[in-house]
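Take a look at the sequence and the structure shown here. The report that follows picks out some of its rings, charges and helices.

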Amino acid sequence: MSISGGYSVGEVAKTAKVTVRTLHHYDEIGLLSPQGRTPAGYRRYQDADLDRLQRILFYRELGFPLEEIAAVLDDDSAIPSEHLRRQHQLLSDRIRHLQDLAAAVEHAMEAQKMGIRLTPEEKFEIFGESYREDWEEEAEQRWGDTGAWAQSQRRTSGYGKADWQRVKTEMDELNARLVEAHTAGRPADGTEAMDLAEAHRRHITDNFYDCTFEIHRGLAQMYIADPRFTATYEQLAPGLAQWLHDAILANADHHTGGQA
């Protein structure tokens, strides 16, 4: 349909506070294709398109992958009121989660004032039910004689619950960006993937030990060689472990000229 009314991609991007590139990507994958075009072929968004974009951004805010959002929005069996009920339930769940998180942060602030280290219960609270304390013992056995281990122990010895919560939040946010890039089909040796791999390396350096490109290559190999590490990333998105491995190697080669 060729029409001159509606909203331009720039206007929609400004109103919705997203990038033009994001809107182009949504159009390319069929998640949000504007109903109209100008005679010159430029995208023109209608009110119905903006309604759909609002729902997309709502689900993205809650961490839904793009494929799942498309499936939800394109479910012809769901009437508009069903979408509203689903959104209300998700928001209620998020509110409860944020309330719990606020209480945990308050507890962490008090614990930090008193100099309290993490208890086993707090470790499970922060890192999830899959956390196992024997991982710490195994890590010390594997890397306890390395300089990186010693440096990591010095840095984290003063971490309280709030610090670990921050570290995990940062890692969760980075993982979400990795999943989005991977599921969008970004090449592992492309600029976006290498930038994310570098952010991954910097996260380790900033919080634990100086992660050189050589060390980062070793971690990448572990992500596909150790089934437990592989499973961690595969649970986020199928194929992510191999994709991250390839992105890390590409980023290391980019910065070192391929020298190990």
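## Buried rings and crossing helices

Y59 counts as buried, at 0% relative accessibility. Keep in mind that this is a predicted model. Y59 pairs with F64, and the pair is tilted. Their ring centres lie 5.1 Å apart, with 55° between the planes. The label follows from the angle, because planes under 30 degrees apart count as stacked and those over 60 as edge-to-face, with the rest tilted.

How many aromatic pairs does a search of the whole structure find? The search finds 4. One of them joins F58 and Y59 in an edge-to-face arrangement. Here the centres are 5.3 Å apart, and the planes make an angle of 80°. Together, F58, Y59 and F64 form one aromatic cluster.

Are the partners of Y59 buried or exposed? F58 is buried, with a relative accessible area of 16%. F64 is buried too, with 15%. Both labels hold because buried means under 20% relative accessible area.

The table lists the buried residues covered in this report.

| Residue | Relative accessible area | Label |
|---|---|---|
| Y59 | 0% | buried |
| F58 | 16% | buried |
| F64 | 15% | buried |
| N175 | 13% | buried |

Next come two helices. Helix α3 covers residues 47–61, and helix α4 covers residues 66–73. Their axes come within 10 Å. They cross at roughly 135°. That angle makes α3 oblique to α4. Why not roughly antiparallel? That label is for angles over 145 degrees, so it does not apply at roughly 135°. The crossing is right-handed.

Which residues make the contact between α3 and α4? From α3 come R52, R55, I56, Y59 and R60. From α4 come L66, I69, V72 and L73. Y59 therefore has two roles here: it belongs to the aromatic cluster, and it takes part in the contact between the helices, while counting as buried at 0%.

Now for another helix. N175 lies in helix α9, which covers residues 161–183. N175 is buried, at 13% relative accessibility. What does N175 touch, leaving aside its neighbours within four places in sequence? N175 is in contact with Y233 and L236.

One last ring brings in a charge. The charged end of R201 sits over the ring of F213. The distance to the ring centre is 4.1 Å.

Note on methods
Residues are numbered from 1 along each chain as its sequence is written. This is a predicted model: local features need pLDDT of at least 70, side-chain atom pairs count only at pLDDT 80 or more; totals for chains, interfaces and linings use all residues. Side-chain values use heavy atoms; hydrogens and water are left out. Rings of Phe, Tyr and Trp (its six-membered ring) pair if their centres lie within 6.5 Å; planes under 30 degrees apart count as stacked, over 60 as edge-to-face and the rest as tilted. Buried means under 20% relative accessible area, exposed over 50%, partly exposed in between (1.4 Å probe, protein chains only). A charge sits over a ring if NZ of Lys or CZ of Arg is within 6 Å of the ring centre and within 35 degrees of the ring normal. Helices (H or I, at least four residues) and strands (E, at least two) are DSSP runs, numbered from the N terminus. Contact means heavy atoms within 4.5 Å. Axes are lines fitted to C-alpha atoms, for helices over the stretch in contact, and angles run from 0 to 180 degrees between N-to-C directions. Angles under 35 degrees count as roughly parallel, over 145 as roughly antiparallel, 65 to 115 as roughly perpendicular and the rest as oblique. A crossing is left-handed if the near helix is turned anticlockwise from the far one by less than a right angle, and right-handed if clockwise.
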